[in-house]
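Reader: Please take me through one helix of this model at close range. Then set that helix in the context of the rest of the chain.

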Amino acid sequence: MTGAGGYGLKGDHLRLDWLDFQRLKNLGTRALERGESLAGIALLDDALELWRGDALVDTPAGPVLDSKRRFFEESRLDAITLRAEAQIKAGLHQRAIAQLAAETTMHPLHEGLHAQYVRALALGGRRAEALEVLRSLRTRLVSEIGIEPGTPLKDLQLAILSSEFGAA
């Protein structure tokens with residue numbers, strides 16, 4: 001329906017991927033909080049499977065929609081972070097590595113995702129690869145935006161170098 005200022009959707013049985021995503025993400029988060037790691041991971045997997053590319057990709061650019069795009073993407077990244085952390089804690093390093101490899105490629109400057117990727121690699125017995133990921137990230141951060149990695153990444157590098165990480 002049209003109205004003042006734009007369009008609106010109404011319906012008793014209306015389903016939106018975004019609402020399904022939020023519901024599954026919330027259920028997954030609560031399962032993780034209860035210590036139900038595998039159930040929480042499965043629910044977060046289900047939530048993330050609803051994503052098919054970037055949000056609002058076919059809509060015109062503008063400050064309001066750009067703000068919404070960022071909000072949706074941050075919510076998706078939050079779900080990815082929650083899932084990766086749960087996978088790492090559950091000893092599912094290989095699964096976390098595979099998913100985080102793709103995400104860090106899509107978000108080459110995201111320090112949090114890289115930290116999880118590096119942790120998963122190191123805990124999976126792949127310390128040399130973990131250190132290479134850190135080296136590459138530092139090079140990108142310095143050359144593209146002129147900053148050094150944050151303290152959590154520096155601490156992670158020291159932990160790997162001092163053999164605090166190894167095969168789980």
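**Helix α4 and its surroundings**

Author: Start with the buried side of α4. His93, Ala96, Ile97, Leu100, Glu103 and Thr104 are buried in this helix. The model is a predicted one. Helix α4 covers residues 93-106, which makes 14 residues. From the first C-alpha to the last it reaches 20 Å, close to the 20 Å expected at 1.5 Å a residue.

One buried residue of α4 deserves a second look. Glu103 forms a salt bridge with Arg76, and the closest N and O atoms are 3.2 Å apart. Glu103 sits in helix α4 and Arg76 in helix α3 (residues 63-89), so the pair ties together parts that are 27 residues apart in sequence. Both partners, Glu103 and Arg76, are buried.

α4 also holds a residue of a charged network, since Arg95 falls within residues 93-106. Asp45, Arg83 and Arg95 are linked there by salt bridges.

Now the wider frame. The protein has seven helices and two strands. Along the sequence the pattern reads β-β-α-α-α-α-α-α-α. Of its 168 residues, 34% count as buried. The accessible surface comes to about 10100 Å², and 56% of that belongs to carbon and sulfur atoms. Contacts reach far along the chain. Among those between residues at least 6 apart in sequence, 59% join residues at least 24 apart.

Helix α1 can be read in the manner of α4. Helix α1 runs over residues 17-33 and has 17 residues. At 1.5 Å a residue it should span 24 Å; the end C-alpha atoms are 24 Å apart, which agrees. Buried in α1 are Asp20, Phe21, Gln22, Leu24, Lys25, Gly28, Thr29 and Ala31. Just after α1, Gly35 takes a positive phi of about 85°.

Leu32 also lies in α1. Its relative accessible area is 21%, so Leu32 is partly exposed; the cut-off for buried is under 20%. Leaving aside residues up to four places away in sequence, Leu32 touches Ser37, Gly40, Ile41, Leu44, Leu82 and Ala86. Take Leu82 from that list. Leu32 and Leu82 are 50 residues apart in sequence, yet their C-alpha atoms are 8.8 Å apart in space.

Next, the aromatic rings. The count comes to one aromatic pair. Phe71 and Phe72 form this pair, and it is tilted, with 5.9 Å centre to centre and 55° between the planes. The two rings belong to residues with unlike cover. Phe71 has a relative accessible area of 45%, so it is partly exposed. Phe72 has 16% relative accessibility and therefore counts as buried.

Back to charges. The count of salt bridges comes to 10. The bridge from Glu103 to Arg76 in α4 and α3 is one that has been described above. Helix α6 (residues 127-145) supplies further cases. Arg135 and Glu132 meet through their side chains in a salt bridge, at 2.5 Å from N to O. These two residues are three apart in helix α6, so about one helical turn separates them. Arg135 is partly exposed, with a relative accessible area of 46%. Glu132 is partly exposed too, at 37% relative accessibility.

A second bridge leaves the helix. The side chains of Arg138 and Glu148 meet at 2.7 Å, N to O. Arg138 lies in helix α6 and Glu148 in the loop between α6 and α7 (151-161), so the pair ties together parts that are 10 residues apart in sequence. Arg138 counts as partly exposed, at 37% relative accessibility. Glu148 is partly exposed as well, with a relative accessible area of 39%.

α6 also takes part in a nonpolar patch. Leu109, Ile145 and Ile147 make this surface patch, which is about 230 Å². Ile145 has its place in helix α6. At 47% relative accessibility, Ile145 counts as partly exposed.

To return to the starting point: α4 has buried residues, including Ile97 and Leu100. Glu103, also buried, joins α4 to α3 through Arg76.

Note on methods
Residues are numbered from 1 along each chain as its sequence is written. This is a predicted model: local features need pLDDT of at least 70, side-chain atom pairs count only at pLDDT 80 or more; totals for chains, interfaces and linings use all residues. Side-chain values use heavy atoms; hydrogens and water are left out. Patches are made of residues with over 30% relative accessible area and no salt bridge: like charges are joined within 9 Å, nonpolar side chains (Val, Leu, Ile, Met, Phe, Trp, Tyr) within 5 Å. Accessible areas come from the Shrake-Rupley method with a 1.4 Å probe; for residues, only the protein chains shown count as cover. A salt bridge is a side-chain nitrogen of Lys or Arg within 4 Å of a carboxyl oxygen of Asp or Glu. Helices (H or I, at least four residues) and strands (E, at least two) are DSSP runs, numbered from the N terminus. Buried means under 20% relative accessible area, exposed over 50%, partly exposed in between (1.4 Å probe, protein chains only). Rings of Phe, Tyr and Trp (its six-membered ring) pair if their centres lie within 6.5 Å; planes under 30 degrees apart count as stacked, over 60 as edge-to-face and the rest as tilted. The expected span of a helix is 1.5 Å times one less than its number of residues. Contact means heavy atoms within 4.5 Å.
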